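Trainee: Could we go through this structure together? I would like to begin with how the chain is divided.

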Amino acid sequence: MHLFHSPSSPYVWKVTVSAKLRNLGDRITLIATNPQASPPELLAQNPLSKVPCLVTADGLPLFDSRVICEYLDGFGTARPLFPPQGPERTMALLMQALGDGIMDAAVFRRMQSAYPQDEGRQLLGGRAQAAVARSLDMLEATPPSGLHDIGAVTVACALGYLDLRFAPEPWRQTHPRLAEWFAEVSTHPAIADTVPA
Ligand SMILES: N[C@@H](CCC(=O)N[C@@H](CS)C(=O)NCC(=O)O)C(=O)O
């Protein structure tokens, strides 16, 4: 399998953490990619010009991170990250949606910070910042436990991305239970060995 990859993407990180947790890391070859440059090799596989994009051993291109992570659950014998059914699955998917939403808002803020900060951009950036703040509050009320499912993996990668891109906006003091969980899972090799640069 080949993975179109960019080292600072939180969505790519989510895929590499999932692959490592499921002992599949050595079955995936990384292809360094700048999706902003829309290279033809990426466009041939993903018309959205986004990473991650996984090309399976059969040559099937898969995007986005949600589809790729669930696909990876079909291999190997490690515990699946997507619970098969019932309330456990619903909660894992909900936490995945929350983590993905934090990534979406944070990546959007980061991208638009490169442009002149007119009134419209300030308004949109402020909405994205507020969405992240509210999401952190929700996670503080019910922090994930362990790194057992796709919800916990996604939230961990979202928090790691905040640390990477928004370090001057500390969240730990105001969210101590979430901070404690993140400190604990950050030592897991699947996270510690794959931290984005
Ligand atoms: N929902 C997608 C989001 C992927 C995404 O937005 N990736 C960013 C990198 S962080 C990207 O490739 N952006 C390129 C672009 O928007 O042109 C997923 O979960 O994979």
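Mentor: Certainly. Domain bounds here come from an automatic or database domain assignment. On that basis, the protein chain of this predicted model splits into domain 1, residues 2-72, and domain 2, residues 86-192.

Trainee: How far apart do the C-alpha centres of domain 1 and domain 2 lie?

Mentor: The separation between those two centres is 21 Å. In the contact, domain 1 takes part with 14 residues and domain 2 with 21 residues.

Trainee: And how much area is buried between domain 1 and domain 2?

Mentor: About 1,500 Å² is buried there, and carbon and sulfur atoms give 68% of that area.

Trainee: Which three residues supply more than any other three of the area that domain 1 buries against domain 2?

Mentor: They are Y11, W13 and K14, which together supply 37% of the area on the domain 1 side.

Trainee: What about charges? How many salt bridges are there between domain 1 and domain 2?

Mentor: The count is three salt bridges. K14 takes part in a salt bridge with D100, side chain to side chain, with an N to O distance of 3.0 Å. As for polar contacts, five residue pairs are found across the interface of the two domains, with both residues at pLDDT 80 or more.

Trainee: Which elements give two or more residues to the side of domain 1 that touches domain 2?

Mentor: Those elements are α1 (10-21) and α3 (65-72). The largest share, eight residues, comes from α1. Sorted by class, this side of domain 1 has six nonpolar, four polar and four charged residues.

Trainee: Changing topic to the strands: in what order do the four strands of the open sheet come?

Mentor: The order is β2-β1-β3-β4, and the pairing is mixed. β2 (29-32) and β4 (61-62) stand at the edges with a single partner strand each, so one side of each has no neighbour in the sheet.

Trainee: How do β1 and β3 run, parallel or antiparallel?

Mentor: They run antiparallel: β1 (residues 2-5) is joined to β3 (residues 53-55) by three bridges. As one pairing in detail, H2 has V55 in β3 as its bridge partner.

Trainee: I should also check the backbone. What kind of peptide bond joins V51 and P52?

Mentor: That bond is cis, with omega about 5 degrees. P52 sits in the loop between α2 (40-43) and β3. The peptide bond from F63 to D64 is cis as well, with omega near 5 degrees, and D64 is placed in the loop between β4 and α3.

Trainee: And N23, is its phi positive or negative?

Mentor: The phi of N23 is positive, about 60 degrees, although N23 is not a glycine. N23 belongs to the loop between α1 and β2.

Terms used:
Residues numbered from 1 in each chain as written. Predicted model: local features only at pLDDT ≥ 70, side-chain atom pairs only at ≥ 80, totals over all residues. Heavy atoms only, no water. Contact = heavy atoms within 4.5 Å. Buried area = accessible area lost by both parts, 1.4 Å probe. Salt bridge = Lys/Arg side-chain N within 4 Å of Asp/Glu carboxyl O. Polar contact = N/O pair within 3.5 Å; in protein donor to acceptor, adjacent residues only side chain to side chain. Nonpolar A, V, L, I, M, F, W, Y, C, P; charged D, E, K, R; others polar. Pairing = 2+ DSSP bridges.
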